[in-house]
Amino acid sequence: MIIGKKRPSKFASLVLGISMLAGLVVLVMLFGASMGLWEPIDGFRYYRGWYQNIGYTVCGLSVICLIYLMAKKKLIGKKKAVLSLLIGLAILWPMVSSLVTESVSYPPIHDITTDTVNPPQFITLTDDRPGAANTLVYGGPEIAAQQIEAFPDIKPIMSTLSADEAYAKALAVGEAMGWEIIGADPATHRFEGTARTPYFKFVDDTVVVVSEMPTGSRIDVRSVSRIGRGDIGVNALRIREFIKLFNE
């Protein structure tokens, strides 16, 4: 060996390997349900219970590795250690982002609708739908009050389109959002569907009803989570996206 020549650090390579494996484990927890490995709620529990411990471990090993390499000046591997640290921070990003951004508090509700007085009713989908712990029966004034306070912008879509035209457009929007359409009925201008969340693939149920109005039509949307008391704003976000796409 040539004296003074720098050589690669096996420790840095090991830490990078552990970090990449940890990142893969977190990705599997996020998308395992879509791969058929487990139910969405199981993946959510695994992630919630373990992602911080995994992230802290990766970051800790990376920092130790960087300190070690700075002390051993003849070893090469700082880039690997920095990459490992970045992987650890990426794993911890949900926690980091909550610390650097203003936290949002969501009410413990999972049933959001554009009409809290006379919400669209489900006909095809029923309470015995697979994996459902929540009912499709609307919770009434208490739920409505919480929604109005948290999401005052969730309101019916008022359109100049005819009921037939609005129904066709609403159906196209639902399909574009990736909903599995169920019980589409052009005669009554209504359809139901199921939607899945991007992560963990939780199943939520949707219903859209188009009503004829003197100046056009009114479109009401409702989105309900199958499990969980609260939805951390997912159903409201879905309805907002539907409204935005419909109005484009």
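Start with the lining of the largest pocket: select α1 (10-31), α2 (40-71), α3 (78-91), α4 (93-100), β6 and α7, each of which supplies at least two of its residues. Keep in mind as you go that this is a predicted model. Now colour α2 by itself, since the largest share of the lining, seven residues, comes from this helix. The pocket holds about 1,600 Å³ of space. To find its middle, show Phe44, Phe200, Asp231, Ile232 and Val234 as sticks: of the 46 lining residues, these are the closest to the centre.

**Next stop: the β6–β7 hairpin**

Leave Phe200 on display, because the next stop is built around the turn that carries it, where its phi is positive, at about 70°. Select β6 (190-196) and β7 (203-213). The two strands form a hairpin with six residues between them, and they pair in the antiparallel sense over seven bridges. For a landmark along the pairing, pick Glu192, then look across to Val207 in β7, which stands opposite.

**Then: on to β8**

Stay with β7 and add β8 (216-225) to the selection. How many residues lie between the strands in the hairpin of β7 and β8? Here there are two. The pairing is again antiparallel, with ten bridges. Click on Ser211 and you will find its bridge partner, Arg218, in β8. Before moving on, colour β7 by accessibility: this strand is mostly covered, with eight of its eleven residues buried.

**Last stop: helix α6**

Select residues 163-176, the 14 residues of α6. From its first C-alpha to its last, the helix reaches 20 Å, close to the 20 Å expected at 1.5 Å a residue. Now show the side chains, where present, of its buried residues: Ala163, Ala166, Tyr167, Ala170, Leu171, Val173 and Gly174. Turn the view to look down the axis of α6, and you will see that these buried residues fall within an arc of 160°, so they line one face of the helix.

What covers the buried residues of α6? Bring back the strands you have just visited, β6, β7 and β8, and add β5 (180-185) and α7 (234-247); the cover includes all of these elements. Then rotate to the face turned away from the buried side, where the exposed residues Asp164 and Ala176 sit. To finish, step past the end of α6 to Gly178, which follows the helix and has a positive phi, near 85°.

Definitions and conventions
Residues are numbered from 1 along each chain as its sequence is written. This is a predicted model: local features need pLDDT of at least 70, side-chain atom pairs count only at pLDDT 80 or more; totals for chains, interfaces and linings use all residues. Side-chain values use heavy atoms; hydrogens and water are left out. Helices (H or I, at least four residues) and strands (E, at least two) are DSSP runs, numbered from the N terminus. The expected span of a helix is 1.5 Å times one less than its number of residues. Buried means under 20% relative accessible area, exposed over 50%, partly exposed in between (1.4 Å probe, protein chains only). The arc is that of the directions from the helix axis to the C-beta atoms. Contact means heavy atoms within 4.5 Å. Two strands pair if DSSP finds at least two bridges between them. On a 1 Å grid over the protein atoms alone, a cavity is a set of points where a 1.4 Å probe fits but cannot get out, and a pocket is an open set with protein on both sides within 12 Å along at least five of seven lines; lining residues have an atom within 4 Å of a point. Grid points are joined across faces, edges and corners, and a volume is the space filled by probe spheres set on the points.
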